[in-house]
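Work through the exercises below with the model open. Try each task before reading its solution.

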There are 2 protein chains.
Amino acid sequence: MKALKIPEATITRLSIYSRFLKRLDKKGITTVSSGDIAEGVGVSPAQVRKDLAYFGEFGTRGVGYNVKDLIRYTVKILGLSDPWSLVMVGAGNLGSALVTYKEFKDRGFSIVGVFDNDLTKIGKRIADMEVLPLEELPKVVKESNVRIGIIAVPSKAAQDIADFMVKSGLEALLNFAPISLNVPDEIEVRNVDLSVKLEILTFNLALKEK
Amino acid sequence: MKALKIPEATITRLSIYSRFLKRLDKKGITTVSSGDIAEGVGVSPAQVRKDLAYFGEFGTRGVGYNVKDLIRYTVKILGLSDPWSLVMVGAGNLGSALVTYKEFKDRGFSIVGVFDNDLTKIGKRIADMEVLPLEELPKVVKESNVRIGIIAVPSKAAQDIADFMVKSGLEALLNFAPISLNVPDEIEVRNVDLSVKLEILTFNLALKEK
DNA sequence: GAAAACTTGTCACAGTATTCACAAATACTC
DNA sequence: GAGTATTTGTGAATACTGTGACAAGTTTTC
């Protein structure tokens, strides 16, 4: 793996390629070209090749890529060769839905604890797990070697929760609250903003009116 | 509004600025500088000014921006001055969570129908609404003048559902299924991929190991 | 009311990301 | 086995995005 700085857009696409390839594999397809991938995920063939080229030469000229091999490579690159344990903070509708979200499981993510500080939610059962009080978080993080936490709490609580999660030993946060979190530099944070894409649609529809 | 091509990243940030400003307004703050916004959402001040500059001159030199005015402008730009009616297809965990997602409501989105073709889900109640069979979709789209639909069904079903939604008269789709949809050019589609950001985190954590 | 302190809007520049185009390698055809 | 058709990997060209720097305008200070 080269020391080059990899564009985040490349990682994003790699994740998408990887899952597309798994679907091809499930269909029994063994070989694929950059053009096939490109068409399947909606980018250009050159883009696919360039993205892969950051990490090595995985194809054969005149032939294409071996699907199973390329899955292995993309999974390895994305750090998904071994399964990850996650914790979920927030046992509301969104948190609950994410805990049972099958795609996470398919990609090797396993949620090992659900936490909330709302007394009405603590003790509730979600997918075979009991919702625990937030105070239990540090213990679970330590015991299960959890490095990544998901935040699915209301915006107002998100910053405090994030602070506590960092203090609990988590190294990376996936934040579903629509606010920008303040965390130490060494903590990785990515936001999933459920409204943004919707507002891109309304922007475009409004533009069409003209 | 100029005829210039606006980067989608600008629209994305505009949506984020707009919601950040609403929080400032709620706190009673009346004036804000590009630097304040920048700090609040995690971008550079020049970026904020440039993004706004695509659409006009909203600030006062030496002073900054009036919060209420800027909210109005951003909301207008994003096409959110009037409320939007949406339909949700997919009444599983994710679909149900999104139907009750408060942030959508806050931004003027109102879900007027939830549909599914799974008999075990039809008839179920979600947020005061009865889950309807998919066949009812065209009627609701027409009667409520719905232009945007949300897809929260399993990947396997997503393409067929999307086809049906287009045929039902919808003009824009927000797709939560992790696959790339094939739709006519005139239909706007945006994907919300819940796994991608998680895999960016694992990529970065895996990189740190080195 | 002149000077100092801010802050926007914008143009030029720097930096990134994407596309193009083609040599290199492989497979298929007859 | 020579010729044709594929398809990758990649350097160069292009397009796009973000940053820096500063003039222009506003407010505050003394």
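**Exercise 1. Phosphate contacts on strand D**

Task: Find what lies 3.0 Å from a phosphate oxygen of DNA strand D in A:Glu57.

Solution. Step 1: Go to A:Glu57. A polar side-chain atom of this residue sits 3.0 Å from a phosphate oxygen of DNA strand D. That falls under the polar-contact cut-off (a pair of N or O atoms within 3.5 Å; within protein, one must be able to donate a hydrogen and the other to accept it, and residues adjacent in sequence count only if both atoms are side-chain atoms). This is a predicted model, in which local features need pLDDT of at least 70 and side-chain atom pairs pLDDT 80 or more, while totals for chains, interfaces and linings use all residues. Residues are numbered from 1 along each chain as its sequence is written, chains are lettered from A and ligands numbered from 1 in the order in which they are written, and side-chain values use heavy atoms, with hydrogens and water left out.

Step 2: Look at chain B. A polar side-chain atom of B:Arg13 is also 3.0 Å from a phosphate oxygen of DNA strand D.

Step 3: Check a backbone case. A:Ser34 places a backbone N or O atom 2.6 Å from a phosphate oxygen of DNA strand D.

**Exercise 2. The surface near strand D**

Task: Describe the residues around DNA strand D and say which helix gives the most.

Solution. Step 1: Take the residues near the strand (a heavy atom within 4 Å of it). There are 23 around DNA strand D, and A:Ser34, A:Arg49, A:Tyr65, B:Arg61 and B:Gly62 come nearest.

Step 2: Sort them by class. The surface holds five nonpolar, 10 polar and eight charged residues. Nonpolar covers Ala, Val, Leu, Ile, Met, Phe, Trp, Tyr, Cys and Pro; charged covers Asp, Glu, Lys and Arg; the others, Gly among them, are polar.

Step 3: Assign the helices (DSSP runs of H or I, at least four residues; strands are E runs of at least two; both numbered from the N terminus). α3 (45–53) of chain A and α3 (45–53) of chain B each supply at least two residues. α3(B) gives the most, with three.

Step 4: Turn to the DNA side. Of the strand D atoms within 4 Å of the protein, 63% belong to sugar or phosphate, and the rest to bases.

**Exercise 3. The surface near strand C**

Task: Repeat the analysis for DNA strand C. Which helix gives the most here?

Solution. Step 1: Count. Of 24 residues around DNA strand C, A:Arg13, B:Ser34, B:Arg49, B:Arg61 and B:Tyr65 come nearest. Sugar and phosphate make up 69% of the strand C atoms that come within 4 Å of the protein.

Step 2: Classify. Six are nonpolar, 10 polar and eight charged.

Step 3: Name the helix. α3(A) gives the most, with four residues.

Step 4: List contacts. A backbone N or O atom of B:Ser34 lies 2.6 Å from a phosphate oxygen of DNA strand C. A polar backbone atom of B:Gly59 is 2.9 Å from a phosphate oxygen. A polar side-chain atom of A:Gln47 lies 3.4 Å from a sugar or linking oxygen.

**Exercise 4. α1(B) and its partners**

Task: Give the angles at which α1(B) crosses α3(B) and α9(A).

Solution. Step 1: Use axes fitted to C-alpha atoms, for helices over the stretch in contact, with angles from 0 to 180 degrees between N-to-C directions. The axes of α1(B), residues 8–26, and α3(B) come within 10 Å and cross at roughly 105 degrees. That makes the two helices roughly perpendicular (65 to 115 degrees).

Step 2: Find the contact residues (heavy atoms within 4.5 Å). α1(B) uses B:Thr10, B:Arg13, B:Leu14 and B:Tyr17; α3(B) uses B:Gln47, B:Val48, B:Asp51 and B:Leu52.

Step 3: Move to α9(A), residues 196–208. Its axis and that of α1(B) come within 9 Å and cross at roughly 115 degrees. These helices are therefore roughly perpendicular too.

Step 4: Name the residues. A:Val196, A:Glu199, A:Ile200 and A:Phe203 of α9(A) meet α1(B) residues including B:Ile11 and B:Arg19.

**Exercise 5. B:Asp193**

Task: Locate B:Asp193 and list its polar contacts.

Solution. Step 1: B:Asp193 sits in the loop between β9 (188–191) and α9 (196–208) of chain B.

Step 2: Its side chain makes a polar contact with the side chain of A:Arg19, at 2.9 Å.

Step 3: A polar side-chain atom of B:Asp193 also lies 3.0 Å from the backbone nitrogen of B:Ser195.

Notes. Angles under 35 degrees count as roughly parallel, over 145 as roughly antiparallel, 65 to 115 as roughly perpendicular and the rest as oblique.
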